[in-house]
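Hello,

Here is the structure I promised to pass on to you. Have a look at it first, and then read on for what turned up in it.

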Amino acid sequence: MYSVSQATLYIKNLFTRDAVLARIVVEGEVSNCKYHSSGHIYFTLKDAGAQLKCVMFASARLKGLDFQMGEGAKVQVLGRISVYERDGSYQMYADRIVMAGLGELYERYERLKKQLSEEGLFDREHKKPIPMYPKRIGIVTAETGAALQDICNILHRRNPYVQPILSPAQVQGEGAADTIVRAIHRLERIGVDVIIVGRGGGSIEDLWAFNEEKVARAVYACAIPIISCVGHETDTTIIDYVSDLRAPTPSAAAELAVREAEELSGRLVDYHSELLGAMLDAIARKRDALQYTERLLWSLRPTARLERRKEQRDALQKALVSAMEANLARARHRLELCAARLDGVSPAKKLSNGYGYISDAAGHAITEASKVKPGDEVRIFLRDGELKTEVKEIGLYDEQ
């Protein structure tokens with residue numbers, strides 16, 4: 001036994017596994033068309049024998065619908081059919097909606113897109129960088145179209161010094177793809193810095209030349225970076241996936257191709273200031289290094305060595321003289337101290353104060369009166385002379 005949810009899920013899985021229902025184009029007349037405030041579109045496709053509920057979500061609508069769909073319109077819807085579990089009904093989920101008759105083109109578009117993607121033509125690693133400061137801008141578009149005027153006006157306004165080079169091409173109709181390929185090859189031979197390939201808006205038939213395989217491969221093989229700008233912002237062609245950079249409009253492509261001259265001038269002024277500052281710093285460092293080297297060489301010359309030796313000798317001589325003078329001063333000071341001490345105990349000084357020195361006739365000092373007898377001859381030495389005399393009488397002090 002199955003629950004309602006289980007049975008409905010089983011049926012939904014059957015739809016999901018069916019390859020036809022997973023990618024199908026259905027043609028019919030639009031009825032009950034409602035544009036919801038969320039951006040989703042709910043409608044019914046019908047013909048004389050049946051009807052099919054459909055929904056196009058807002059996310060798919062941005063790229064999958066380029067006209068106002070209304071009651072009675074005959075359309076072709078590309079999408080998938082699956083079960084809406086809540087209502088237990090099946091419905092179609094639309095990825096793209098076109099007026100009847102254009103479905104075949106979209107099928108071709110999707111097949112080529114899938115093929116080239118699998119070959120790696122859309123891979124990011126193959127994208128060439130757009131040069132920052134191009135001088136020559138190649139333009140592939142109609143010679144009389146508004147896209148050319150838009151591109152040239154923007155280029156001149158942003159940077160009047162760049163040179164636009166037109167390689168005219170037919171951008172719609174029979175043989176347009178061949179002229180676009182030749183125009184790209186022509187610019188490769190001339191040699192430009194970047195190429196802008198595109199045109200203004202139009203229907204899918206008008207833009208179809210840019211969905212041709214030969215154009216896509218020419219863009220991929222081009223050695224020069226290419227900016228694509230086909231149609232309006234919502235239009236996407238095969239070369240938009242292959243090109244190195246995609247712009248939403250021709251004017252936007254010109255904006256992306258060149259920088260403003262004022263910005264470039266400002267950058268040049270900044271670079272000049274930075275280079276000048278770096279150069280002056282480098283010169284100052286080299287000058288300092290040169291001056292240091294000159295001083296070093298000057299100090300290493302023979303005469304400089306002799307001068308240093310002479311200076312060292314003079315210094316040593318001055319130090320020696322200073323040391324000798326210091327030692328002499330110290331010795332003189334010590335001598336003065338010793339002389340002062342000797343002067344304090346000098347017999348001559350004592351003699352000058354009224355004292356005398358007494359010796360016997362033989363010159364021996366007499367220090368005690370008891371050592372002399374009356375009649376002995378003695379000699380008395382005074383400060384300014386000598387007395388010879390004879391002892392008449394001796395008086396001894398009583399000892400206590």
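Two strands count as paired if DSSP finds at least two bridges between them. Please keep in mind that this is a predicted model.

With that in hand, let's begin with a small sheet. Strand β12 (residues 377-381) is joined to β13 by 5 bridges, and these two strands run antiparallel. Within this pair, R379 stands opposite K388 in β13. The pair belongs to an open sheet of 3 strands, ordered β11-β12-β13 with antiparallel pairing. Because β11 (357-360) and β13 (386-390) each have a single partner strand, they stand at the edges, and one side of each has no neighbour in the sheet. From one strand to the next, the twist averages 25°.

Next comes helix α6. How far apart should the ends of its 15 residues be, at 1.5 Å a residue? The expected span for residues 176-190 is 21 Å, and the end C-alpha atoms are 21 Å apart, so the two agree. Just after α6, G191 takes a positive phi of about 95°.

Which residues of α6 are buried? They are A176, A177, T179, I180, V181, A183, I184 and L187. In an α-helix there are 3.6 residues a turn, so residues three or four places apart point the same way. The buried residues of α6 pack against four strands and a helix by name: β6 (136-140), β7 (163-166), β8 (194-199) and β9 (226-230), along with α7 (213-221).

This helix also takes part in the largest nonpolar core, which has 39 residues; V140, I180, I184, I195 and V197 have the most contacts inside it. At least two residues of this core come from each of α4 (103-119), α6, β8, α7, β9 and α8 (238-242). The largest share, 7 residues, is supplied by α6. I180 is a good residue to click on: leaving out residues up to four places away in sequence, I180 touches V140, A169, Q170, V197, A209, F210 and V215. There is also a second, separate core of 22 residues, and I24, L45, L52 and M56 are among them.

One last residue is S31, which lies in strand β1 (residues 24-35). Is S31 buried or exposed? Its relative accessible area is 9%, and buried means under 20%, so S31 is buried. Not counting residues up to four places away in sequence, S31 touches F43, T44, K46 and E71.

Best wishes

Technical notes:
Residues numbered from 1 in each chain as written. Predicted model: local features only at pLDDT ≥ 70, side-chain atom pairs only at ≥ 80, totals over all residues. Heavy atoms only, no water. Expected span 1.5 Å × (residues − 1). Buried < 20%, exposed > 50% of the residue type's maximum accessible area, 1.4 Å probe, protein only. Contact = heavy atoms within 4.5 Å. Axes fitted to C-alpha atoms, helices over the stretch in contact; angles between N-to-C directions. Core = buried A, V, L, I, M, F, W, Y, C linked by side-chain atoms within 4.5 Å.
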